[in-house]
Amino acid sequence: MPHILIVEDETIIRSALRRLLERNQYQVSEAGSVQEAQERFSIPTFDLIVSDLRLPGAPGTELIKLGQGTPVLIMTSYASLRSAVDSMKMGAVDYIAKPFDHDEMLQAVARILRDRQAATSNPAEPVGKASASAKAGASNTNGEIGIIGSCPPMQDLYSKIRKVAPTDSNVLVQGESGTGKELVARALHNLSRRAKAPMISVNCAAIPESLIESELFGHEKGAFTGASAGRAGLVEAADGGTLFLDEIGELPLEAQARLLRVLQEGEIRRVGSVQSQKVDVRLIAATHRDLKSLAKIGQFREDLYYRLHVIALKLPALRERGADVNEIAQAFLARQSARVNRTDLKFAPDAEQAIRHYAWPGNVRELENAVERAVILCESPEISADLLGIDIELSDLDDEEFIGLAPQQGGAANNTSHEPTEDLSLEDYFQHFVLEHQDHMTETELARKLGVSRKCLWERRQRLGIPRRKTGATSES
């Protein structure tokens with residue numbers, strides 16, 4: 001069981017974080033300052049140190065030296081890029097801004113511990129950020145499934161894949177373009193009894209409508225102009241294996257009727273033929289469109305929809321996958337670096353922030369293209385946010401947006417007479433702080449105290465259902 005040291009002077013956060021980690025099978029020790037940690041523990045014996053940046057006495061970055069190689073994850077309420085960059089330049093393995101979500105913290109901890117374990121098991125290999133992250137990506141591909149990511153929605157998806165794969169049921173994979181629907185189809189095929197048979201992939205949107213039936217079901221000689229010889233279709237080629245139809249919502253209605261016959265009767269008839277022949281095919285279909293709505297307006301056969309919708313798997317968009325985006329980016333970086341024979345490349349802190357905060361409308365495909373472009377154009381060891389070529393405003397991450405307050409003396413302000421119970425979670429702490437102080441603080445002051453931007457404060461209000469007080473105290477000129 002990994003042993004983690006928490007160094008945090010605010011009791012409420014330290015206690016909540018300890019319980020969060022303990023609930024997730026980590027052994028935890030805690031201290032309120034660097035000095036206390038030195039007096040109570042042998043710091044290099046821990047697997048990970050999670051420390052606040054601003055502490056009474058020595059700052060949290062002092063633990064980087066005292067840890068003698070133990071990774072240090074820095075937390076800070078002073079969420080500026082400068083403090084993040086400075087901490088990481090001093091040797092911190094990563095940085096996380098308070099207040100943070102439980103999932104965000106757990107994913108960061110799991111990722112760092114995986115990197116540490118990979119580096120320990122392969123001591124001869126350089127442990128630069130790119131190489132460590134490549135190992136992390138490899139170890140986090142969920143073994144036989146082969147997809148990178150560990151966020152809760154993906155874990156749920158992996159569980160469903162393992163249950164569904166051994167069956168012959170039809171599967172409908174839903175998700176936005178670029179989310180990796182074909183990877184899911186391949187995982188279903190590889191884990192099925194058909195794994196040694198072919199998997200035929202067809203993009204229904206890429207075949208001209210006039211040729212789709214011939215391509216899928218084959219044709220006989222003379223069936224149409226130019227058909228100088230008979231030809232087997234892609235469904236026939238997948239006999240005994242798996243047929244993956246991507247973008248099935250683009251399939252013409254005539255072809256849908258033929259496909260329905262394949263699913264109902266297990267047989268096909270080539271174009272121009274009067275003979276039917278049996279086929280044993282498992283169908284996996286994918287779409288980014290709402291097939292049920294298309295069926296209601298007559299653009300998709302309703303009977304085919306229900307045949308396909310035996311089991312539906314939903315792939316989350318990349319923007320919904322939290323820290324997975326950085327893990328995927330690191331895996332792409334390792335792959336592209338190997339292609340151009342460069343081992344020194346890594347993402348600059350501003351690039352990592354941009355990757356995490358960009359919405360990625362093109363999902364994983366867009367991320368892969370951005371990383372490939374950056375690797376080709378990069379002339380220095382660090383890939384900056386500009387090289388990624390993504391359209392994002394980093395104002396929420398700039399120093400002007402996070403004006404750090406000086407550390408409060410004596411800790412009096414941190415220990416009010418209304419200190420909440422230690423049983424509060426980190427989200428509870430955020431909610432408690434806002435409700436307690438919003439009567440006499442402006443939104444800007446609240447955001448500064450919490451170390452977040454006003455936009456982030458507004459978003460958390462929305463998610464937690466904390467209304468703004470409509471009083472003179474909260475109005476801002």
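In this predicted model, the loop that joins α3 (62-66) to β4 (72-76) holds Q68. Q68 is a bit of an oddball: its phi is positive, at about 50°, although the residue is not a glycine. For background, most residues other than glycine have a negative phi. Q68 has a relative accessible area of 66%, over the 50% cut-off, so this residue counts as exposed.

A second case turns up further along the chain, at W360. Here too phi is positive, at about 50°, and again the residue is not a glycine. W360 sits in the loop between α15 (349-357) and α16. Its surroundings are another matter: with a relative accessible area of 1%, W360 is buried, whereas Q68 is exposed.

The loop with W360 leads on to α16, and that helix has a packing partner. Two packed helices are described by the angle between their axes and the distance between the axes. For α14 (residues 324-339) and α16 (residues 363-377), the angle is about 45° and the axes are 9 Å apart. That angle makes α14 oblique to α16, because it falls outside the ranges for roughly parallel (under 35 degrees) and roughly perpendicular (65 to 115). The crossing of the two helices is right-handed.

As for who touches whom, α14 brings V325, I328, A329, F332, L333, R335, Q336 and S337 to the contact, and α16 answers with V364, L367, E368, V371, E372 and V375. Sorted by class, the contact of α14 with α16 comes to nine nonpolar, two polar and three charged residues. Among the charged ones are R335 from α14 and E368 from α16.

Turning to the strands, A286 belongs to β11 (residues 282-287). Its relative accessibility is 0%, so A286 counts as buried. Leaving aside residues up to four places away in sequence, A286 touches L172, V173 and K181, plus the run F244, L245, D246, E247 and I248. One of these partners, I248, is 38 residues from A286 in sequence, yet the two C-alpha atoms are 6.2 Å apart in space.

Finally, a word on the cysteines. With sulfur atoms required to be within 2.5 Å of each other, the disulfide count is zero. C204 has a relative accessible area of 3%, which means it is buried. C378 likewise counts as buried, at 5% relative accessibility.

Conventions: Residues numbered from 1 in each chain as written. Predicted model: local features only at pLDDT ≥ 70, side-chain atom pairs only at ≥ 80, totals over all residues. Heavy atoms only, no water. Helix = DSSP H or I, 4+ residues; strand = E, 2+ residues; numbered from the N terminus. Buried < 20%, exposed > 50% of the residue type's maximum accessible area, 1.4 Å probe, protein only. Contact = heavy atoms within 4.5 Å. Axes fitted to C-alpha atoms, helices over the stretch in contact; angles between N-to-C directions. Parallel < 35°, antiparallel > 145°, perpendicular 65-115°, else oblique. Left-handed = near helix turned anticlockwise from the far one by under 90°.
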